[in-house]
Structure formats: C-alpha cells, structure tokens
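Okay, thanks everyone, I'll keep this short. Let me put the structure up, and then we'll start from one residue and work outwards.

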Amino acid sequence: MELRLYDTLSREKRAFTPLDPTLVRMYVCGPTVYDFAHIGNARPVIVFDVLFRLLRHLYGAEHVKYVRNITDVDDKINDRAARDYPGLPLNEAIRKVTEQTERQFHDDVDALGCLRPTVEPRATEHIDEMRAIIEKLIAGGFAYVEQDHVLFSPGAMNAANGGLPRYGTLANRSLDEMIAGARVDVAPYKRDATDFVLWKPSKPGEPSWPSPGGISTPGRPGWHIECSAMSWKHLGERFDIHGGGIDLVFPHHENEVAQSCCAFHTPRMAETWMHNGFLQVEGEKMSKSLGNFVTIRELLATDKFGGRSWPGAVLRLTMLKTHYRSPIDWTAQALQESLDNIASWNDAVTPHGLDEAGSYPPPDEVIAPLADDLNFSRAIAEMHQWAKAARAGDYLAAKKLAGAADFLGLQRVAWDQAVQSCAADAEIDDASRAKFDALVAARAAARASKNWAESDRIRDELAALGVVLKDGKDADGKPVTTWEIAR
RNA sequence: GGCCACGUGGCGGAGUGGUUACGCGCCGGUCUGCAAAACCGUUUACUCGGGUUCGAUUCCCGACGUGGCCUCCA
C-alpha cells in the first residue's frame, strides 16, 4: 500500500519512499523537561505515535527507528530549578527537575497509549556531537566566534554556492524579509540581525561544558543545535521524516536545516517535514493568563476540565478525531462525545468475547485512510460501521473494530474500566447500592403482579435519586433490570 | 507590517469538479404495561462577491472572519 504524506517543505502531499526501506528513520522534537506537559504537547506525541505504528506496519517493526529527544538543558529548566530547590547547588537542582519531569512525561504519554520511541536521547548526553557540528560549521565559514559566543550566519549559508538549501526555504520566507521584519533582537555579538546562537557562555553555577571554537570559558548550547546533533547521532546526516508542532517550523526547524546541511554539505536534512496543527481550548488560545491552561495530568487525574477526570483513551480518541494538520478545539463536549463513543464500542465488542489483552490485526479499511496522510477521521468512521455490525451480531466486524482500536492505540483493555469509572457510580457506597438493589427488587415484584402504579412509583423514586433503570430480558426471556447513575 | 493556514448542516468533523461521509443531537418508528436502553429510519451543509466550466462546496481572484509564525512556545 502506498503511503502518502504532506511535506511542509514542498507544500504538497507526496508518495513516501524511504531512503532505506530496511531502516525507515523518523525524528520528532520532544519535550523540554521543566514542568508537566500540557495537552497541546500531547498532540505531536500522539500524532507521530500513530505514524510510528503505521510505518512499523508497512515496513516491519524491526525496520523503523523513531527518535524523540528530551531537552534537558534550557534556561527555563535553570529558572525552575533555582525556584524549586533554592538550597541546592544549581546543577543538582537541575537534575532533580529534569529527572522528575521526565518521569511525569513518561507516565502521561504511557496513559495516552503511546509506544516508546526507539531512542529517547537527552541533549546533555550529546554535547560532544554538538561541539563537533559547531566545529564543522566554523571550519566551513558558516559560523563565527564573537565574545565567547558561536553564531551561525544564514547570510554566509546563502552566499555559499552549490549543494545547500537556501536559508528560509522551509519557512517560506527570504532573508531580506526577515531583516525587514526587524523584530529580531540585535545583540552586540551578532554581526547580522538574523544570525543565531549555536553556543553561549555559561554564568557561574549554570550547567557548562568545554566550549568549541577555541573559546576558553565554558559554555552551553543554543536552542537549535541539540536536534541537529541528536538526529545526526541516531539517524545519520539525512533521514526520512522530521516532525513537530507547526510553531517549530520557524525558527527551530529552519535553523536545524541550516546547521545540519551546512555541517554535512547535504541538500536536505529530512526528506519529509511534517507538522501538526495547534490546539485551542474552548475556542481560545491556551495560556496561563487566560486561565485555560490544562496539563495532561490534570485531564487524567483531576476534575479541573469539564468537571471530571478523563481516561487516556478518551483523550487520545478526541485527538484523533481531527486531522493532524488542522487546528483542534479542545472542549469538554468533545471529550464527553469521545467517552460516549468508547462506551458504545465497548458495548458492541463485549458480547463477542474477544481477547481483551490480545491484539487483533488492523483491517485494511483502516490502514488505507491512515496511509493517505494520516486520515484519522475516515479510519474512525470505519470503526463506527463495524460497531454497528458487531451490535447486530457480526463477529468479524467486532474483530475488525478491535483490530482498528488496537492499532490506533486506543487501549481496548481499559475500555470497560474507563466506561465504569466515568459512569459516575464508581463512588456509590455499599449502603446506597443495597438500597437501590432493594428498590429494584421491589419493583420487579410489583411488575410481576402487574401493579404498574407501584412499579412506576418506585422508578420515579429511583429517578429522584439520580438512578436510571434499564429493563431487559435474560437468555431465558425472564425480565432483568439493571440500573446506573444518570450522568 | 510581512508570511502562512483555515472558514462544511444544531454541534464536532471527513471528502469531492456532477452520486451516502461519519459521530453526537433533534424528530419519527420498532421493542416495552408505560418508559429508559437498544435497534431502524428521516432531516438540515459547504462564509460572501466575482471568474473559469455544460456544471463548483471542490479550481482561480477578491472581500470578510478565525487562527498561527515573524529568535528559544507543540
């Protein structure tokens, strides 16, 4: 099956052909570990997890290498460490912050049903590679040393002839436009406004490493160099897919391209550039000042958003309902609808006695839309059709639904529990439970003697308590009544 | 100011130069003592104005609106 992916660089959907089909290579920009990841951070993690699964399906699990970095050197980390652990030496405090945040991040994305990437490299473990790239850039005339900083010169890159991309191609803007934009800060150590930092000096107490470029004072890397270093180390000078949020196109990815292509003299860094769209919360940009900032953890474990907690599968399904390049509006209503979908799928699948912990193969009807630039919505539409058929007794449809859910990482094994925990009767105490059961039994007796008035009175009484009854029949045709708490 | 993306029915959200998306809701029906649940079915659409075309929601131009980026935010 042909895989087609939208490439940000060429701005078109193209057939995907791996450089080496025996090792498909993908790099995705991961978190900077200084605080709980917010729900916007979850989007690329989930989107590229699905792509990872699809690539493994198409090329074989052993033939896909997925690298997602962990950035553990950053000013925000330093600030957080100083704030949270004022008594500790900064380096120790930083380690505490990064280790704890990394653990939280893993817990969160595990709960979202994401596979671990093949490699999760840390920036601080790739300082040697960063220095090596910086030395190459200085030697090639693309970077220069000034006041203990090393700066990259996009101007020098564009002046060089042959074999290199033009700076600004990915972001679709020219160097002249950027200079004209003039909102760049003109630091005294920059020769040109558009030059950006590869390496900078560390203040006393800050993390520091021996500097490149013959600089005697120790320093630390700039923002963009880490991804050039880690992708090089783990995927090589050129690789297949580079992904991240749309906001990273400029400057982060543009500068990565500049660094890598100039260091290795290659015409491109990644063959395909993929960027997920932004997430809004209840129609507004998520920000701390608006008070609508919500972390993955808060959604999973608190009632801060929508008045209840939400299972990981519900968060994931909600994320997959919108195409990855479109903006997504994160609303409590959307989460509730996803929960209802999963409850309905669970009802459809359960009677067929499928192996919950087992894994069923993904149907082609789901692979096909996913292979068309990750059309999640169409894949999910198929699932609804199978659910319908499964409810009508179609075992094969139930298996397909399960296979699709397993493939999409929707944690079928947790559906039952997810639905239960959200049914609002999880916190019912035993006394109430016994009382409801007794009332249901009394009503059953009234119905058996056709005392409809009493039967309805009891139902009204239970309704007033927030309990909804469902009458049905068991296998022998005898009446059976179950109850649940109204949502 | 520059660049970019998007604008689909009550809501969410696919897709397409001429034929059903799908889900939720609403409404009707089956079932039920009556309900609920379940199942079946129906309904409403392509921001506006031009243009290309036999025909445009789909292509082009413009307007309006929303969102994003423009040096460390996914």
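So, let's begin at Lys-288. If you skip its neighbours within four places in sequence, Lys-288 is in contact with Asp-35 and Phe-293. Before I go on, please keep in mind that this is a predicted model.

Where does Lys-288 sit along the chain? You'll find it in the loop between S12 and helix H9, which covers 296–301. Is Lys-288 buried or exposed? Its relative accessibility is 56%, so it counts as exposed. UniProt, in an unreviewed entry, lists Lys-288 under "binding site".

Now step back from that loop into S12. This strand belongs to an open sheet of 3 strands, in the order S12-S11-S13, and the pairing is mixed. S12, residues 284–285, and S13, residues 328–330, are the edge strands; each has a single partner strand, so one side of each has no neighbour in the sheet. S11, residues 279–281, pairs with S12 in the antiparallel sense, over 2 bridges. If you want a pair to click on, Val-281 has Glu-284 in S12 as its bridge partner. As for what covers this sheet, helix H10, residues 312–320, lies across S11 and S13, and it runs at about 150 degrees to S13.

Let's jump to the other strand pair I picked, S1 and S2. S1 is residues 4–7, S2 is residues 12–15, and the two run antiparallel, joined by 4 bridges. Arg-4 stands opposite Ala-15 in S2. The two strands make a hairpin with 4 residues between them, and for those of you who like backbone angles, Arg-11 in the turn has a positive phi of about 55 degrees.

There's another positive phi to look at, and that's His-265, near 55 degrees, which follows helix H8. H8 itself is residues 249–264, and here's a quick sanity check on its geometry. At 1.5 Å a residue, its 16 residues should span 22 Å, and the end C-alpha atoms are 21 Å apart, which agrees. How many residues of H8 are buried? It's 14 of the 16, so the helix is largely enclosed by the rest of the structure.

Cysteines next. How many disulfides does the structure hold? The count is 0. Take Cys-114: the nearest cysteine sulfur belongs to Cys-29 and is 16 Å away, and Cys-114 is in no disulfide. Its relative accessibility is 9%, so Cys-114 counts as buried. Cys-261 is in no disulfide either, with the nearest cysteine sulfur, that of Cys-262, 7.0 Å away. At 0% relative accessibility, Cys-261 is buried too.

One more annotation before the overview. UniProt, again in an unreviewed entry, gives residues 435–474 as "domain: Cysteinyl-tRNA ligase anticodon binding". In the model, that stretch is 68% helix and 18% strand, and its end C-alpha atoms are 23 Å apart.

And finally, the whole chain. Chain A has 17 helices and 15 strands. Its C-alpha atoms fill a box of roughly 95 × 55 × 40 Å along the principal axes. Of the 487 residues in chain A, 49% are buried. Then there's contact range: among contacts with a separation of 6 or more, 72% are between residues 24 or more positions apart.

That's my tour, so over to you for questions.

Conventions:
Residues are numbered from 1 along each chain as its sequence is written. Chains are lettered from A and ligands numbered from 1 in the order in which they are written. This is a predicted model: local features need pLDDT of at least 70, side-chain atom pairs count only at pLDDT 80 or more; totals for chains, interfaces and linings use all residues. Side-chain values use heavy atoms; hydrogens and water are left out. Two strands pair if DSSP finds at least two bridges between them. Contact means heavy atoms within 4.5 Å. Axes are lines fitted to C-alpha atoms, for helices over the stretch in contact, and angles run from 0 to 180 degrees between N-to-C directions. The expected span of a helix is 1.5 Å times one less than its number of residues. Buried means under 20% relative accessible area, exposed over 50%, partly exposed in between (1.4 Å probe, protein chains only). UniProt positions are given in the numbering used here, feature names are shortened, and annotations may be inferred rather than shown by experiment. A disulfide is a pair of cysteine sulfur atoms within 2.5 Å.
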